[in-house]
Amino acid sequence: AKIAEIDYQKYAMEMFKAGSNIKGKSISEIIHLDFKKFAVDSQRFGIGQVSTMYPEDIMNRKDEFIRVLNEAADNEDYAVMAILVTDILKNGSYLLYNKKSEHIFKESLEQEIEEGIFLEGIVSRKKQIVPRIMNYIEKK
């Protein structure tokens with residue numbers, strides 16, 4: 001930072017802002033921006049993730065996202081279809097999911113859940129969510 005003569009904190013914030021810009025994208029595009037597919041036995045599941053400094057941009061449209069997740073899960077034959085809206089500043093994620101998968105999240109996360117719940121400290125789908133879902137499905 002000294003050599004480049006930049007304020008690294010300001011630069012980092014600008015990078016986060018640019019990287020989390022979803023303006024002009026459809027709900028389906030946002031869900032599929034960083035969408036990973038998984039399979040356990042015959043069950044398929046997919047989870048998208050958006051890291052943002054402005055989670056309200058998505059959470060204010062929560063009902064629309066849930067509708068698209070429900071439709072996509074049915075059309076694409078997913079037992080679980082979800083998106084984690086990761087709040088960079090609060091170090092956690094909001095969870096939106098297709099209705100049919102609610103019991104899977106409830107059991108695999110071992111807590112009461114609801115659409116849009118904030119999961120404190122949950123920032124990695126790969127390390128913190130996927131193993132729990134796979135474990136639950138395998139035991140079932």
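1. Helices and strands here are DSSP runs, with at least four residues for a helix and at least two for a strand, numbered from the N terminus. On that basis the chain comes to six helices and five strands. Read along the sequence, they go α-α-β-β-α-α-β-β-α-β-α. Keep in mind while you look around that this is a predicted model.

2. Some overall figures next. The C-alpha trace spans about 55 × 30 × 25 Å along its principal axes. The chain has 140 residues, and 41% of them count as buried. About 8,400 Å² is exposed, with carbon and sulfur atoms supplying 49% of that area. As for contacts between residues at least 6 apart in sequence, 65% of them join residues at least 24 apart.

3. Have a look at α5. Its buried residues are I104, F105, S108 and L109. Looking down the axis of α5, you find these buried residues within an arc of 105 degrees, so they line one face of the helix. What do the buried residues of α5 pack against? The partners are the strands β2 (43-52), β3 (80-87), β4 and β5 (117-120), plus helix α6 (125-139). Just after α5 there is a backbone detail to check: E110 takes a positive phi of about 55 degrees.

4. Helix α6 passes a simple length check. With 15 residues at 1.5 Å a residue, α6 should span 21 Å, and its end C-alpha atoms are 20 Å apart, which agrees. Buried in this helix are R125, I129, V130, I133, Y136 and I137. The cover over those residues includes β1 (35-40), β2, β3, α5 and β5. So α5 turns up in the cover of α6, just as α6 turns up among the packing partners of α5.

5. If you want one strand residue to click on, try V50 in β2. Is V50 buried or exposed? V50 is buried, because its relative accessible area is 6% and the cut-off for buried is under 20%. Setting aside neighbours within four places in sequence, V50 is in contact with I22, I30, I58, I83, L84, V85 and T86. For a sense of distance, V50 and E120 are 70 residues apart in sequence, while their C-alpha atoms are 16 Å apart in space.

6. A loop residue can be buried too, and N98 is one of them. N98 sits in the loop between β4 and α5, yet it counts as buried at 2% relative accessible area. Leaving out neighbours within four places in sequence, the contacts of N98 are L69, N70, A73, Y78, A79, V80 and M81.

7. Now the charged pairs. A search of the whole structure turns up seven salt bridges. One of them joins K100 and D74, whose closest N and O atoms are 3.3 Å apart. K100 lies in the loop between β4 (92-97) and α5 (102-109), and D74 belongs to helix α4 (residues 62-76), so this pair ties together parts that are 26 residues apart in sequence. K100 is exposed at 60% relative accessibility, whereas D74, at 48%, counts as partly exposed.

8. There is also a salt-bridge network to trace. Salt bridges that share partners join D34, K36 and R125 into one network. Within it, the side chains of D34 and K36 meet at 3.3 Å, N to O. D34 is partly exposed, with 28% relative accessible area, and K36 is partly exposed at 40%. R125, by contrast, is among the buried residues of α6.

9. Another pair to display is E64 with R61. Their salt bridge has its closest N and O atoms 3.7 Å apart. Both ends are partly exposed: E64 has a relative accessible area of 35%, and R61 has 30%.

10. Last, a bit of greasy surface. Which residues form a nonpolar patch on the surface? They are I6, Y11 and M15, and together they have about 310 Å² of accessible area. Y11 lies in helix α1 (residues 8-19). At 44% relative accessibility, Y11 counts as partly exposed.

Definitions and conventions. Residues numbered from 1 in each chain as written. Predicted model: local features only at pLDDT ≥ 70, side-chain atom pairs only at ≥ 80, totals over all residues. Heavy atoms only, no water. Patch = residues over 30% accessible without salt bridge, like charges linked within 9 Å, V, L, I, M, F, W, Y side chains within 5 Å. Areas by Shrake-Rupley, 256 points an atom, 1.4 Å probe, with all protein chains shown as cover. Salt bridge = Lys/Arg side-chain N within 4 Å of Asp/Glu carboxyl O. Buried < 20%, exposed > 50% of the residue type's maximum accessible area, 1.4 Å probe, protein only. Arc of directions from axis to C-beta. Contact = heavy atoms within 4.5 Å. Expected span 1.5 Å × (residues − 1).
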